[in-house]
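Visitor: I am new to this structure. Please show me how to read it, one feature after another.

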Amino acid sequence: MAAPSSVIVVGVGARDGLGAALCRRFAAGGLHVWAAGRTGHRLAAICEEIEGDGGAATPVVTDTTREDDVLALFDRVESDGPPLEVVLYNAGNNQPGVFTEMEAEHFERSWRVGCFGGFLVGREAARRLGSAGRGTVIFTGATGSLRGGPRFIAFASAKAGLRMIAQGMARELGPKGVHVAHVVIDGGIAGERLLEHFPQLAEAKGEGGLLELDAIAQTYWQLHAQDRSAWTHELDLRPFKEEW
């Protein structure tokens, strides 16, 4: 039986990453997943896994910093898929850098992925869901959404901008029936990037010191399932032992 509605997940990469976990969770909820990211073979593998588990998923190679790519993604879902119900923006490129040594290109690249791409995706979600008077849009934030720190000025400025996009959208679209939420991920994620490239950090955090992928994805699902009389706009997630 065909899925009754569609979810677009922007920022899908590694199989053991948050984007993939979001795809799996929303597929398990019965939605047709449109997995968007820049690496075709990774998208295909995740969609094949979902299809093998009885779900419905379509890979769409997308550079979220390119307006034409974002328009094509939404147009394809609108023409080929079940009605759009959910849009999840998970794209990010957390690359540290010393501020006095930072190239302008580094800063702009962080902004384009972390903020400008969110604008493009958010705008199209607002256009499509706003006219329908329903739906959910969720943006992935980070500790940097709330405060800047040494070596993460570019990333934090982009995430802070994305947070303002989400907040403005929530105020504009909420009365139209569209739920817009922002999730602050305040801690390390137990995914491929951290575990493979920063194993010493994972070891230092110890058991229970990282956010589990499926637990984060479940929270996104719960946000989507909220009754409209009690919507959450922003929440933060961190391991129980994280200092904050």
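Guide: We go from the whole chain to one helix, then to ring pairs and two single residues. Keep in mind that this is a predicted model.

Visitor: What does the secondary structure of the chain come to?

Guide: The chain has eight helices and seven strands. Its radius of gyration is 17 Å, close to the 18 Å that the globule rule gives for 244 residues, so the chain is as compact as a globular protein of that length. The C-alpha trace spans about 50 × 35 × 35 Å along its principal axes.

Visitor: How many of the contacts in the chain with a separation of 6 or more are between residues 24 or more positions apart?

Guide: Such pairs account for 74% of those contacts. As for cover, 48% of the 244 residues are buried.

Visitor: And the surface: what does the accessible area of the chain come to?

Guide: The accessible surface is about 11,800 Å², and 52% of that belongs to carbon and sulfur atoms. For charge, compare the mean positions of the two signs: the chain has 24 positive and 31 negative charges, and their mean positions are 4 Å apart.

Visitor: Let us take one helix. Is α1 mostly covered or mostly uncovered?

Guide: Start with the general idea. An α-helix has 3.6 residues a turn, so residues three or four places apart point the same way. Now the case here: helix α1 covers residues 18-28, and eight of its eleven residues are buried. Among them are Leu18, Leu22, Cys23 and Phe26; the small residues Gly19, Ala20, Ala21 and Ala27 are buried as well.

Visitor: Which elements do the buried residues of α1 pack against?

Guide: They pack against four strands and two helices: β1 (6-10), β2 (32-37), β4 (84-89) and β5 (136-142), along with α2 (40-52) and α8 (213-225). Just after α1, Gly30 takes a positive phi of about 100°.

Visitor: How many aromatic pairs does the structure hold?

Guide: There are four. A pair of aromatic rings is described by the distance of the centres and the angle of the planes. Take Phe26 and Trp221: their rings are 5.1 Å apart, centre to centre, with 70° between the planes, and the pair is edge-to-face. Phe26 lies in helix α1 and Trp221 in helix α8, so the pair ties together parts that are 195 residues apart in sequence.

Visitor: Are Phe26 and Trp221 buried or exposed?

Guide: Phe26 is buried, with a relative accessible area of 0%. Trp221 is also buried, at 17%. Elsewhere, ring pairs link Trp111, Phe116 and Phe119 into a cluster.

Visitor: Which residues does Arg25 touch, not counting those up to four places away in sequence?

Guide: Arg25 is in helix α1, and its contacts beyond that range are Ala217, Gln218 and Trp221. Arg25 and Gln218 are 193 residues apart in sequence, yet their C-alpha atoms are 6.9 Å apart in space. With a relative accessible area of 21%, Arg25 is partly exposed; the cut-off for buried is under 20%.

Visitor: Where is Ser145 found?

Guide: Ser145 is in the loop between β5 and α5 (153-173). A loop residue may be checked for cover in the same manner: Ser145 is buried, with a relative accessible area of 4%. Not counting residues up to four places away in sequence, Ser145 touches Lys159, Ala160, Arg163 and His182.

Key. Residues are numbered from 1 along each chain as its sequence is written. This is a predicted model: local features need pLDDT of at least 70, side-chain atom pairs count only at pLDDT 80 or more; totals for chains, interfaces and linings use all residues. Side-chain values use heavy atoms; hydrogens and water are left out. The radius of gyration is taken over C-alpha atoms; the globule rule is 2.2 Å times the number of residues to the power 0.38. Buried means under 20% relative accessible area, exposed over 50%, partly exposed in between (1.4 Å probe, protein chains only). Contact means heavy atoms within 4.5 Å. Accessible areas come from the Shrake-Rupley method with a 1.4 Å probe; for residues, only the protein chains shown count as cover. Lys and Arg count as positive and Asp and Glu as negative; His and the chain ends are not counted. The place of a charge is taken as NZ of Lys, CZ of Arg, CG of Asp or CD of Glu. Rings of Phe, Tyr and Trp (its six-membered ring) pair if their centres lie within 6.5 Å; planes under 30 degrees apart count as stacked, over 60 as edge-to-face and the rest as tilted.
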